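Let's walk through this one in questions and answers. Have the model open as you read.

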Amino acid sequence: MNKKILRQAVACVLRHMPECSLPILSGLPRVGKFAEAFAYWQHPFQTDVPNFGVRALLHVARETSGLTLQPVAGNTGAIVRHSTRKEWNGLKVALLAHWDASAEVAPYVRYYANALHQQGYDVVLATSGVPRLVQEDLDVFSAVVCRQSHGYDFTSWRAAFEALPSLFEASEILLTNDSMYGPVGPLDPLYKAMENTPCDFWGIIESNAVEAHLQSYFIVLYKNAIKSSAFKEFLSCIGMSSCKVKAIGYELAFSRWLVQNGQRAAVRFPDSVFSPTSLNPSHYAWDTLLKTGFFPFIKRELLFENPYAVPLKNVTSLLEINNYPRELIKNTLR
């Protein structure tokens, strides 16, 4: 039996168990995380979600022992495949990390890029290899940067700065990727909720999985953070490796490193909102987050793999309510 079928079978059993039994089952090996996720899927928030952003990772600034980084020799071999600009000074720029096995830009990626463009961003596609670009790509992306090295999202973002150094003069940088479908609904409520939060950078979710950090698929950096020596030093320490453990390590370290070096972090959904767990709230709390109106995304991995086997029956109705084109998902599910 493959893993996905096993997860579905376990989930089917859990849905017929009394809710009071789930905490007990969560302590069991192998099936425990499914029981825990199912319990938290039903009640993901332990406090009300504030209508505005809040400061995040405050405890990191009080830690006496800090992170250390090791600079990495060499570069990503980044090349600019397409660009409509020579300079990026003073602009809002979204760096969209991308990878596709067929070396193409999927329609759902262009849909997301268009929404970011409407939000005022120049969108730079930071991709692996050399994708086949069509006219729609040239219309929506202000630049396409291709790295010639191994790596994941952080390596792609490093490549963008190597190829387009005036990005350090941008007024705002959004680090994001193609790991989710969206926006499912408008982006405006998220940005309006964060616009008056005092910070140098912010993310959507503060997660305590492994250790406290801001999830890296959507992080906004303001000018102080972009120009900081801490940010530049972190970029110089991002390696060109296909090791996924290292890629996860960059995510865990990034926001902590900036805070440790004096940058103020904020977040839309602080860790304190969620019921205590080491599981990823982007997965087990997916529909509750979407219904708040401040989290307009569905993670692709949730639909591909559903790691915690949480219910997905209302995906279609939520997509329809929020006017997200269902065909964008159908065309990429495989």
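Q: Is Arg256 buried or exposed?
A: This is a predicted model, so the answer comes from computed values. Anything under 20% relative accessible area counts as buried. Arg256 has a relative accessible area of 8%, so the call is buried.

Q: Where does Arg256 sit, and which residues is Arg256 in contact with, leaving aside neighbours within four places in sequence?
A: Arg256 belongs to helix 11, which covers residues 244–260. Setting aside the neighbours within four places in sequence, the contacts of Arg256 are Leu57, His59, Val60, Glu63, Leu67, Glu211 and Ala212.

Q: Why is strand 4 described as largely enclosed by the rest of the structure?
A: Strand 4 spans residues 122–128. It is largely enclosed because of how many of its 7 residues are buried: 6.

Q: How many bridges join strand 3 to strand 4, and which residue of strand 4 does Ala97 stand opposite?
A: Strand 3 (residues 92–98) and strand 4 run parallel, with 6 bridges between them. Across from Ala97, the residue in strand 4 is Ala126.

Q: Which helix does the chain pass through from strand 3 to strand 4?
A: The route makes a β-α-β crossover, and this crossover is right-handed. On the way from strand 3 to strand 4, the chain goes through residues 107–118, which form helix 5.

Q: What about strand 5: how many bridges join strand 4 to strand 5, and which residue stands opposite Ser128?
A: Strand 4 also runs parallel to strand 5 (residues 143–147), and 5 bridges join the two. Facing Ser128 from strand 5 is Arg147.

Q: Which helix joins strand 4 and strand 5 in making a β-α-β unit?
A: The unit made with strand 4 and strand 5 is right-handed. Its helix covers residues 135–140, and that is helix 6.

Q: Where is the cis peptide bond that involves Pro183?
A: Pro183 is in the loop between strand 7 (180–181) and helix 8 (188–194). Omega is about 0 degrees for the bond, which joins Gly182 and Pro183.

Q: Asn306 and Asn323 are not glycines; what are their phi values?
A: Asn306, in the loop between helix 14 (300–304) and helix 15 (315–321), has a positive phi. Asn323, in the loop between helix 15 and helix 16 (327–330), also has a positive phi. The values are about 50 degrees for Asn306 and near 60 degrees for Asn323.

Q: Which relative accessible areas go with Asn306 and Asn323?
A: Buried means under 20%, and exposed means over 50%. Asn306 is buried, at 12%, whereas Asn323 is exposed, at 61%.

Key. Residues are numbered from 1 along each chain as its sequence is written. This is a predicted model: local features need pLDDT of at least 70, side-chain atom pairs count only at pLDDT 80 or more; totals for chains, interfaces and linings use all residues. Side-chain values use heavy atoms; hydrogens and water are left out. Buried means under 20% relative accessible area, exposed over 50%, partly exposed in between (1.4 Å probe, protein chains only). Contact means heavy atoms within 4.5 Å. Two strands pair if DSSP finds at least two bridges between them. A crossover is right-handed if, with the strands pointing away from the viewer, the path from the first strand over the helix to the second runs clockwise.
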